Amino acid sequence: MADLISLEEAEKLDVEHVHDLYRTYINKSQVRLMTSFGFGRELVDHAEGAYVHTRDGRSILDFTGGVGVLNHGHNHPRIIAARRRFQEQRRMEVHKTYFSPYLAALGHNLAAVLPGDLSRSFLPNSGAEAVEGAVKLAYKYHDGKRRTILRADCSFHGKLLGSGGLTGSAQNNFAFPTIPGIRTFEYGDIASVRKVIEESRGERGRSDVYALLIEPFSASTIRWCSEEFLRELRELCTAEDIVLIFDEIYTGWGKTGSMFYFTRYEGLVPDVVTTSKSFGGGKSSVSAYVAREPVFRKAYDNMADAMMQSTSTTYYGFGEETATAIEAVAVAVEDDYPARARALEAVLRPGLERLREKYPQLISEVRGAGALFGVFLSGGPKVLDLIGKLPAGDLAKDPLIRTKIVTAAVIHTLYRKHDVYTYNTLNGRSPLVVSPPLVAEPQDAERFLEALDATLGEGMNRLLARFVRERVSSW
């Protein structure tokens, strides 16, 4: 009989044993990477709201927001209750040949929240799958007669073969095969979009572009499109019959101060919108793309193609996940998550600007919206310039390595000395991301600002020395 670790035994594993199992069965480099940032040296006992509680008694303020997953915070009581209700009533989980009341209700609720005729939903498991499903829809809408798809230069849409090819960010450091016909435009630059569209015309002057995919707010770079750009994009795609897809996987459900970033602009409606992350309430791995009625009907609403879309995932109709998403949407609407994000912004924006003015040599810029801000750090001793002189193939290849080390040192001290959990992106200019869950209170934002002030007040030399010392010791 196989020597299995039981659930009860897994819950009793100490951190050293967990590290050993990761090194043997998961990824040795992952242990080295995480522990070098100060994380992963203790195990979590439980988590609630905006706080993580470790086995050794630390209460850590989680300002990562689960990288977009935890708008509802950890273990929201209504989310837990919805899942418990499903389980206790022994509802059926997965079956493709029974209609699901949960899937039906969730489709209705998505249409009720979204503007215009965004009313036809498909629900796979992850954000990357939602993106790929939206792209397939657009390709099918044009019956395969158009072969070009446009994406922004700073885009992040996932890491599958298709969505990875549609990701234009610096995180794409290995050339996997992907879908054909991908062309790139400059984010926020309508002239760049027009140029690529013109270059993609066929011999008879007809457009070959079947879809344009964009994040109205780029969470990985903390950049966003202007209202003027988005409206011009909508007009251009309408004129050229290009399917316009908005990726709101991170920014949906109130994160930036409106239910979706694009919904702050009256009358602006894409052809398809994708959502995931906090859509599952922090407990469910579920995503969706929601399409306008005429786009969906032309692509899939016929007897020959209905099964091509509706049951093309193993877990289609997955009950507990869709039941969870119903409750997650209800919480976001009833508790007015956009207003909660704006309340956090009212503390974070002036507080971060004060720190920028106080530490101009360390903070070059602060920008963001709602409960999603980027703090762009700079500075550090001149010894960091030596990194650029390392032999080719080492860290010198990364033009942002100095910024990443400085930011990592700040993240490290926030976590080790102040029990505040943050992260930085690997895209764009690699900012320190301030992304509290929307259940966080203004006093949590004040605590974060005090911790960041105390951290920066130590000076970058001391922060870097501590970071390097602990990083070396972890190896």
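Gly-319, Glu-320, Glu-321, Thr-322, Ala-323, Thr-324, Ala-325, Ala-328, Val-329, Ala-330, Val-331 and Ala-332 are the buried residues of helix α12, where buried means under 20% relative accessible area, exposed over 50% and partly exposed in between, with a 1.4 Å probe and protein chains only. Helix α12 is thus mostly covered, with 12 of its 16 residues buried. The cover over these residues includes α4, α5 (101–113) and α13, contact being heavy atoms within 4.5 Å. Helices (H or I, at least four residues) and strands (E, at least two) are DSSP runs, numbered from the N terminus.

The model is predicted: local features need pLDDT of at least 70 and side-chain atom pairs count only at pLDDT 80 or more, while totals for chains, interfaces and linings use all residues. Residues are numbered from 1 along each chain as its sequence is written, and side-chain values use heavy atoms, with hydrogens and water left out.

**Two helix pairs**

Helix α4 (residues 77–88) and helix α12 (residues 319–334) have axes that come within 9 Å and cross at roughly 150°. That angle makes α4 roughly antiparallel to α12. In the contact, Arg-78, Ile-79, Ala-82, Arg-83, Phe-86 and Gln-87 of α4 meet residues of α12, including Glu-320, Ala-323, Glu-327 and Val-331. By class, this contact of α4 with α12 holds seven nonpolar, three polar and six charged residues.

The axes of helix α13 (residues 337–358) and helix α15 (residues 442–457) come within 9 Å and cross at roughly 15°. This makes α13 roughly parallel to α15. Among the α13 residues in the contact are Leu-344, Val-347 and Leu-348, and among those of α15 are Phe-448, Leu-449 and Leu-452. The contact of α13 with α15 divides into 10 nonpolar, one polar and three charged residues.

Axes are lines fitted to C-alpha atoms, for helices over the stretch in contact, and angles run from 0 to 180 degrees between N-to-C directions. Angles under 35 degrees count as roughly parallel, over 145 as roughly antiparallel, 65 to 115 as roughly perpendicular and the rest as oblique. Ala, Val, Leu, Ile, Met, Phe, Trp, Tyr, Cys and Pro count as nonpolar, Asp, Glu, Lys and Arg as charged, and the others, Gly among them, as polar.

**Helix α9 and Ile-197**

Helix α9 (residues 227–240) has 14 residues and spans 20 Å from its first C-alpha to its last, close to the 20 Å expected at 1.5 Å a residue; the expected span is 1.5 Å times one less than the number of residues. Its buried residues are Phe-229, Leu-230, Leu-233, Arg-234, Leu-236, Cys-237 and Glu-240. They are covered by elements including β6 (182–185), α8 (190–199), β7 (209–214) and β10 (243–247).

Ile-197 lies in helix α8 and is buried, with a relative accessible area of 1%. Not counting residues up to four places away in sequence, Ile-197 touches Leu-150, Val-209, Leu-236, Glu-240 and Ile-242. Ile-197 and Cys-237 are 40 residues apart in sequence and 9.9 Å apart in space, C-alpha to C-alpha.

**Positive phi values**

Most residues other than glycine have a negative phi. The table lists residues with a positive value.

| Residue | Phi | Place |
|---|---|---|
| Asp-241 | about 55° | just after α9 |
| Asp-336 | about 50° | just after α12 |
| Arg-90 | near 55° | loop between α4 and α5 |
| Ser-430 | near 55° | loop between β16 (423–424) and β17 (432–434) |

Arg-90 is exposed, with a relative accessible area of 72%, whereas Ser-430 counts as buried at 1% relative accessibility.
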